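Trainee: I should like to go through the empty spaces and the surface of this model with you. May we begin once the structure is in view?

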Amino acid sequence: MAGGGGGPGGGGGPGRGGGPVRAVRLRPHAVAALAVVSAVGLAAFTWPLFVQPGSALAGRSDGPWLFVVLLPLLLAVVLAEVADGGMDAKSVAVLGVLAAVGAALRPLGGGVAGFEPVFFLLVLAGRALGRGFGLVLGSVTLFASALLTAGVGPWLPFQMLAAGWVGFLAGCLPRARVRAEVALLTGYGVVAGLGYGLLMNLWLWPFTTGLSSGISYVAGAPLTENLSRFLAFTLVTSLGFDVPRALTTAALVAVAARPVLAALRRAARHAEFGAVGQFADADAGTDSDTDTDTDIDAVDVGAGGDRPEPTAPATAGTGTMTG
């Protein structure tokens with residue numbers, strides 16, 4: 001079997017010098033599913049800001065639970081669509097290794113002061129292996145770490161979607177040279193760390209409805225009022241975690257970007273994701289074997305098939321006696 005050297009990530013092809021590598025190919029139906037789930041997910045995060053006073057969700061306390069039930073189902077659909085024909089065995093193997101590393105990294109911080117080293121891996125893997133791989137890696141890593149740390153709860157689908165977006169958007173960043181790329185990814189690490197915390201605050205904030213404080217969610221309040229309440233809620237309850245997360249991610253990216261990106265891109269070149277093996281024709285192989293056997297038989301016959309038996313050599317001292 002001969003591997004297709006011209007596949008993605010092949011030597012001299014994409015993936016060298018910061019070029020794009022597609023460890024997971026997003027097919028049209030997967031792109032459509034991703035767009036639908038992203039739209040629903042964005043609505044699941046931001047709906048409290050846009051609820052009208054007379055709407056059905058304004059007077060209900062179980063509004064967030066509607067998306068808690070809906071979002072994991074849609075997320076499972078998009079992951080299945082991405083994996084269907086877009087991942088080969090090598091992509092699955094790399095995904096398993098990196099997801100295990102990320103799941104092991106996440107408990108190291110323990111959530112203390114926002115120290116979460118897992119996000120730098122999502123940023124660099126999404127950058128090196130493509131946006132589709134970043135999306136799947138973010139979701140699978142957060143799911144695996146939740147199982148590892150007993151962190152399964154109604155917040156998990158939102159964490160998986162937000163982390164998937166972190167890896168996906170890292171793969172959407174423009175190409176750049178080495179130094180500019182490190183600076184670009186470092187800045188993105190800051191944005192990703194703050195954005196992840198902001199999204200998770202939006203998920204949690206509706207559960208504060210009914211509290212008398214000035215930072216609680218008021219169902220059906222005007223957009224400006226609820227937006228100011230949400231910003232106050234973020235400032236008081238979460239900024240102390242979001243800023244350290246952003247700085248930790250940026251620092252780890254700045255330090256580890258070059259060696260980690262080089263290792264991932266080297267692995268991608270050797271893996272040749274999506275390359276299709278070429279097998280020889282079975283009939284041609286049979287004919288070749290037959291011809292080879294015939295040639296060998298001919299050589300045997302020509303060399304010794306009709307060869308006369310060798311005569312015994314004359315021994316020394318043998319001769320004719322004369323009288």
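**Cavities, pocket and surface patch**

Mentor: Let us start with the second largest cavity of this predicted model, whose lining comprises seven nonpolar residues, one polar residue and no charged residues.

Trainee: Which residues line the second largest cavity, and which of them is the polar one?

Mentor: The lining consists of Leu34, Val37, Leu75, Val78, Leu79, Leu135, Ser139 and Leu161. Leu and Val count as nonpolar, whereas Ser falls among the polar residues. The one polar residue in this lining is therefore Ser139.

Trainee: Which element gives the most to the lining of the second largest cavity?

Mentor: Two or more lining residues come from each of α1 (28-50), α2 (63-83) and α5. Leu75, Val78 and Leu79 belong to the lining, and their numbers fall within the range 63-83. With three residues, the element that gives the most is α2.

Trainee: What is the volume of the second largest cavity?

Mentor: The search of the whole structure used a threshold of 30 Å³ or more and found two cavities. For the second largest, the volume is about 30 Å³.

Trainee: Turning to the largest pocket, how much space lies in it, and which residues are the closest to its centre?

Mentor: The space in the largest pocket is about 590 Å³. Its lining is made of 21 residues. The closest to the centre are Arg106, Glu116, Gln159, Tyr196 and Arg245.

Trainee: Which element gives the most to the lining of the largest pocket?

Mentor: The elements with two or more lining residues are α3 (89-109), α5 (131-149), α7 (178-204) and α9 (239-271). Six residues of the lining come from a single one of these elements, namely α7.

Trainee: How many residues of each class are in the lining of the largest pocket?

Mentor: Tyr counts as nonpolar, Gln as polar, and Arg and Glu as charged. On this division, the lining has eight nonpolar, nine polar and four charged residues.

Trainee: On the surface, which element supplies the largest share of the nonpolar patch?

Mentor: The patch covers about 530 Å² and is made by Leu194, Leu235, Val236, Leu239, Val243 and Leu247. Both α8 (223-237) and α9 supply at least two of its residues. The largest share, three residues, comes from α9.

Trainee: Why is Leu239 classed as partly exposed?

Mentor: Leu239 lies in helix α9. The partly exposed class is the one between buried, under 20%, and exposed, over 50%. Leu239 belongs there because its relative accessible area is 33%.

Terms used
Residues numbered from 1 in each chain as written. Predicted model: local features only at pLDDT ≥ 70, side-chain atom pairs only at ≥ 80, totals over all residues. Heavy atoms only, no water. 1 Å grid on protein atoms, 1.4 Å probe; cavity = no way out; pocket = protein on both sides within 12 Å on 5 of 7 lines; lining within 4 Å. Points joined across faces, edges and corners; volume = space filled by probe spheres on them. Helix = DSSP H or I, 4+ residues; strand = E, 2+ residues; numbered from the N terminus. Patch = residues over 30% accessible without salt bridge, like charges linked within 9 Å, V, L, I, M, F, W, Y side chains within 5 Å. Areas by Shrake-Rupley, 256 points an atom, 1.4 Å probe, with all protein chains shown as cover. Salt bridge = Lys/Arg side-chain N within 4 Å of Asp/Glu carboxyl O. Buried < 20%, exposed > 50% of the residue type's maximum accessible area, 1.4 Å probe, protein only.
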